[in-house]
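Hello,

I am passing on the structure you will be working with. Please look through it first; my notes follow below.

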Amino acid sequence: MRWSSVVRQCRFDCVRVDLFGLSNMLFMLLFPVLSCVAALVLTVTGAPGQVAVSVYGGVCGMAAVMSWMSALSVNVAEESGGHRAMNGMIPIARTSQVAGRFLFLLVTCAMWTVDVMACSVFFAFGDMMDSGWGRGGDAGAMIPSAVIFAFSLIVGSILMAFSYRFTFRAMMRIFVVVIVGLYALVALLSRLPFDWQGLLQGVADFMSVWWRAALIAVVLCVGVYCISAALAIRFYRAKEL
């Protein structure tokens, strides 16, 4: 695998979805603008800080979804338009194509993380939440951004890997089954005679030290990212274009 080919594939994907085009930049700018408007309205109306935190949480959630959806847009376009067979004509090896697509995922996650940080500036400007550019120190604004990046990278990596194996309709069905299964598992475990509250409190105390949480998050993100990329390469190599 040649890194020059990986970068070329990533640049090619950016052009295909017009990632740095005017329309996409305006759409991303919409989130900080809405955050600015919301911050002004909440400041003028004297809304409590909990409302600002809820609004900011909604903005972060939408940005997290948009980050991995932007990365998967190329795969969706290839599947819906039947263009994946054309990848066999691209003078880039299959491994480099997949690696470039995962590099594209990193780019979209980084872009939306910066967007979330820009949103936090406006909410912190009104001193309505404990953010890094407000009263709480530098970690206040960095923590939500880091969480958004980690969540987007993990979810995006898993979905992108299986997009090389299943159709998106099949993936949505599997997603529903997994969610229902997780709810059923949680309901079953909650009925077992075990002190789950104490366990969760112990985990929360362990994760309260920032370097422990950061180390676990980095290991989890790197592990999921690398395993997903390896699976995607294996799926793609075995597929006939």
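Leaving aside its neighbours within four places in sequence, which residues is L105 in contact with? The partners of L105 are A71, L153, G156, S157, M160 and Y225. Please keep in mind while reading that this is a predicted model.

Overall fold

The protein has 8 helices and 0 strands. Along the sequence the pattern is therefore one of helices, written α-α-α-α-α-α-α-α. Of the 241 residues, 34% are buried. Among contacts with a separation of 6 or more, 81% join residues that are 24 or more positions apart. The exposed surface comes to about 14200 Å², and 73% of that area is supplied by carbon and sulfur atoms.

The core

L105 also appears in the description of the largest nonpolar core, which has 40 residues. V98, F102, F104, L105 and M160 are the residues with the most contacts inside this core. At least two core residues come from each of these helices: α1 (3-16), α2 (22-45), α3 (49-81), α4 (94-125), α5 (139-163), α6 (168-190) and α8 (210-238). M160 is thus named twice, as a residue with many contacts in the core and as a contact of L105. As general background, nonpolar side chains in soluble globular proteins tend to be buried together.

The cysteines

How many disulfides does the model contain? The count is 0. A pair of cysteine sulfur atoms has to lie within 2.5 Å to be counted, and two cases show how the distances fall out. The sulfur of C14 has its closest cysteine sulfur in C10, at 4.3 Å, which is too far for a bond. For C109 the closest cysteine sulfur is in C221, 9.2 Å away, and that is also too far for a bond.

Are C14 and C109 buried or exposed? C14 counts as buried, with 10% relative accessibility, and C109 is buried with a relative accessible area of 1%. Both values are under the 20% cut-off for buried residues.

Around C109

C109 belongs to helix α4. Setting aside neighbours within four places in sequence, C109 is in contact with S67, F149, S152 and L153. One of these, S152, is 43 residues from C109 in sequence, yet the two C-alpha atoms are 6.3 Å apart in space. L153 is on the contact list of C109 and also on that of L105.

Regards

Definitions and conventions. Residues are numbered from 1 along each chain as its sequence is written. This is a predicted model: local features need pLDDT of at least 70, side-chain atom pairs count only at pLDDT 80 or more; totals for chains, interfaces and linings use all residues. Side-chain values use heavy atoms; hydrogens and water are left out. Helices (H or I, at least four residues) and strands (E, at least two) are DSSP runs, numbered from the N terminus. Buried means under 20% relative accessible area, exposed over 50%, partly exposed in between (1.4 Å probe, protein chains only). Contact means heavy atoms within 4.5 Å. Accessible areas come from the Shrake-Rupley method with a 1.4 Å probe; for residues, only the protein chains shown count as cover. A nonpolar core is a set of buried Ala, Val, Leu, Ile, Met, Phe, Trp, Tyr and Cys residues joined through side-chain atoms within 4.5 Å.
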